[in-house]
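Let's take a walk through a protein model together. Have the picture open while you read, and try to find each piece as it comes up.

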Amino acid sequence: MLPLAGLKIVELGHYIAAPFATRLLADLGAEVIKVEPPEGDPVRGWGSAVDGNPVWFSVHGRNKLSVTLDLKSAEDRAKLLRLCGRADALVENFRPGYLERIGLGPEALHGVNPRLVIARISGYGQDGPYRDKPAFGAIGEAMGGLRHLTANPGQTEFPPPRCGVSISDDLAGIYAALALVSACWGIKGDPAAKGRIVDVDLVSSVFSLMEGMLPEYGLFGWVRQPQGAAIKTAAPTNTYPCADGKWLCIAGNSDLIFRRLMTAIGQPGMAADPRFANNALRCENVAELDAAIAAWTRGVPAAEAEAMLEAAEVPCSRLYDMADCATDPHFRARSMVMEVADPLLGRVLHPAAPFRFDGVSPEAMLRWTGPAAGAHNHHVFGELLEQTPESRDPHAGQKDA
């Protein structure tokens, strides 16, 4: 059995953050009812599609029941309140104050279910001077301190790049999922306990990753600057160019690994050099080390260099693109990449859930792929709300896909 089996969640999510939180919870076995507007979640219009069916949504909406409601309609708002009356938690990522304006704020929700946990995800949080400002994921990266760090040192002609995915939305989703489960645990077993409100925002989620930078600034006035592919506190750790135009990430941080690395690249003298005897000294002389390593990698294709360093037990990896991930034997052996049947797309590749439980295979955690908008209206409103024991499983035929 999946660990969150029996946990009932209503998702009022759109775009990325809240749906990502509920995707994780659904992968863990929670019953997630995704409430979409009649035209569907706007993220369904993002990216590629097959016969009008969005490819990303196969993953983004997996393991969820999809219903459509028009929250501007009093009748549909009443349906939502009925859903929340049987739920353990609700996850939403509207701008602060929106649910209150349409009569679905915490007071109304707790009126039908005093034990409901309400997880609210927003750009800046439910209070504070920036509460009402609009925000998307890029703003979380910018204000949370991450985008400042993604530039190459001294480079001013190009803006610092984003990491390539909506990292602040995903982080907020992870934190919301963790906080939601924590809040549910906090009231478990106490019949008098009241539901909690969880407040997660994009900016704080990114800011939480800034390691020791805040205390360093408070104590010493230090502001960490962009470091490119290197790490200021460990050496040698960098990404190096190879003979075939590809890149190799090498982490030779510890003293023992450093010596193995320098021997493997034909520099045993540097391995014994007292200037590189420990990490602190290597950080002081990192430019010379990086130059020597890069001189070696430039003469060797990436895969060959990787194999040589792996033989020497030096942590390293080529920079994988998605083709590399999809075909890598380790990804496949651990079912990190799974081929599943999607009724809307055909055979499609899915990433496994990023957690493992003994006795539960990765395949068992993927119970069905993202459905069409409103695919479960009849099941949810015609059967599930009635709580009849004979309520059928709308995905019984897909579980073994």
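## Starting with a parallel sheet

How many bridges join strand β7 to β8? There are 5 of them, and the two strands run parallel. Before going further, keep in mind that this is a predicted model. One of the spots to look for is Ile118, whose bridge partner in β8 is Ile197.

Now zoom out a little. β7 and β8 belong to an open sheet of 6 strands, lined up in the order β5-β2-β1-β6-β7-β8 with parallel pairing. At the edges you'll find β5 (64-68) and β8 (197-201), each pairing on one side only. Going from neighbour to neighbour, the strands are turned by 20 degrees against each other on average, ignoring direction. As a bit of background, strands of a sheet pair through backbone hydrogen bonds, and they can do that in a parallel or an antiparallel way.

## Helices on this sheet

Two helices are worth finding here. Helix α3 (residues 74-85) packs on the sheet and touches β1 (8-12), β2 (31-36) and β6 (89-92). Its direction makes about 150 degrees with that of β1.

Helix α8 (residues 167-187) lies across β1, β6, β7 and β8. Compared with β7, helix α8 runs at about 160 degrees.

## A closer look at β5

Is β5 mostly covered or mostly open? Mostly covered: 5 of its 5 residues are buried. Lys64, Ser66 and Thr68 point one way, while Leu65 and Val67 point the other way, and all are buried.

The partner of β5 is β2, and these two pair in the parallel sense over 5 bridges. On this stretch, Val35 has Val67 of β5 as its bridge partner.

## What's packed inside

In soluble globular proteins, nonpolar side chains tend to be buried together. Here, the largest nonpolar core has 31 residues, and the ones with the most contacts inside it are Ile9, Val117, Ile121 and Leu180. At least two residues of this core come from each of α1 (17-27), β6, β7, α8 and β8. The most generous giver is α8, with 7 residues.

Pick Ile121 and look around it. Leaving out residues up to four places away in sequence, Ile121 touches Ala17, Ala18, Val91, Glu92, Asn93, Phe94, Ala172, Ala176, Val200 and Leu202. There's also a second, separate core of 25 residues, which includes Leu65, Leu99, Leu116 and Phe381.

## A second sheet, the other way round

Further along the chain, 3 strands make an open sheet in the order β9-β10-β11, this time with antiparallel pairing. Why does β9 have a side without a neighbour in the sheet? β9 (237-241) and β11 (316-318) stand at the edges with a single partner strand each, so one side of each is left free of a neighbour there. The twist from one strand to the next averages 20 degrees.

β9 and β10 (residues 247-251) pair over 5 bridges, and Pro241 stands opposite Trp247 in β10. Helix α14 (residues 286-297) lies across β9 and β10, at about 35 degrees to β9. Helix α15 (residues 302-311) lies across β10 and β11 instead, running at about 165 degrees to β11.

## Rings and charges

The count of aromatic pairs comes to 9. Phe355 and Phe357 form a tilted one, with 6.4 Å from centre to centre and 50 degrees between the planes. Phe355 is partly exposed, at 23% relative accessible area, and Phe357 is partly exposed too, at 31%. Elsewhere, ring pairs link Tyr15, Trp46, Trp56 and Phe136 into a cluster.

Some rings have a charge over the face. Lys79 lies over Phe381, at 5.1 Å from the ring centre. Arg367 lies over Trp368, at 5.5 Å from the ring centre.

## Backbone oddities

Most residues other than glycine have a negative phi, and most peptide bonds are trans. Which residues go against that here? Tyr15, in the loop between β1 and α1, has a positive phi of about 60 degrees, and Tyr15 is partly exposed at 24%. Glu313 also has a positive phi of about 60 degrees. You'll find Glu313 in the loop between α15 and β11, where it counts as exposed at 57%.

For the peptide bond, go to Ala235 and Pro236: the bond between them is cis, with omega near -5 degrees. Pro236 is in the loop between α10 (213-220) and β9.

Key: Residues are numbered from 1 along each chain as its sequence is written. This is a predicted model: local features need pLDDT of at least 70, side-chain atom pairs count only at pLDDT 80 or more; totals for chains, interfaces and linings use all residues. Side-chain values use heavy atoms; hydrogens and water are left out. Two strands pair if DSSP finds at least two bridges between them. Helices (H or I, at least four residues) and strands (E, at least two) are DSSP runs, numbered from the N terminus. Axes are lines fitted to C-alpha atoms, for helices over the stretch in contact, and angles run from 0 to 180 degrees between N-to-C directions. Contact means heavy atoms within 4.5 Å. Rings of Phe, Tyr and Trp (its six-membered ring) pair if their centres lie within 6.5 Å; planes under 30 degrees apart count as stacked, over 60 as edge-to-face and the rest as tilted. Buried means under 20% relative accessible area, exposed over 50%, partly exposed in between (1.4 Å probe, protein chains only). A charge sits over a ring if NZ of Lys or CZ of Arg is within 6 Å of the ring centre and within 35 degrees of the ring normal. A nonpolar core is a set of buried Ala, Val, Leu, Ile, Met, Phe, Trp, Tyr and Cys residues joined through side-chain atoms within 4.5 Å.
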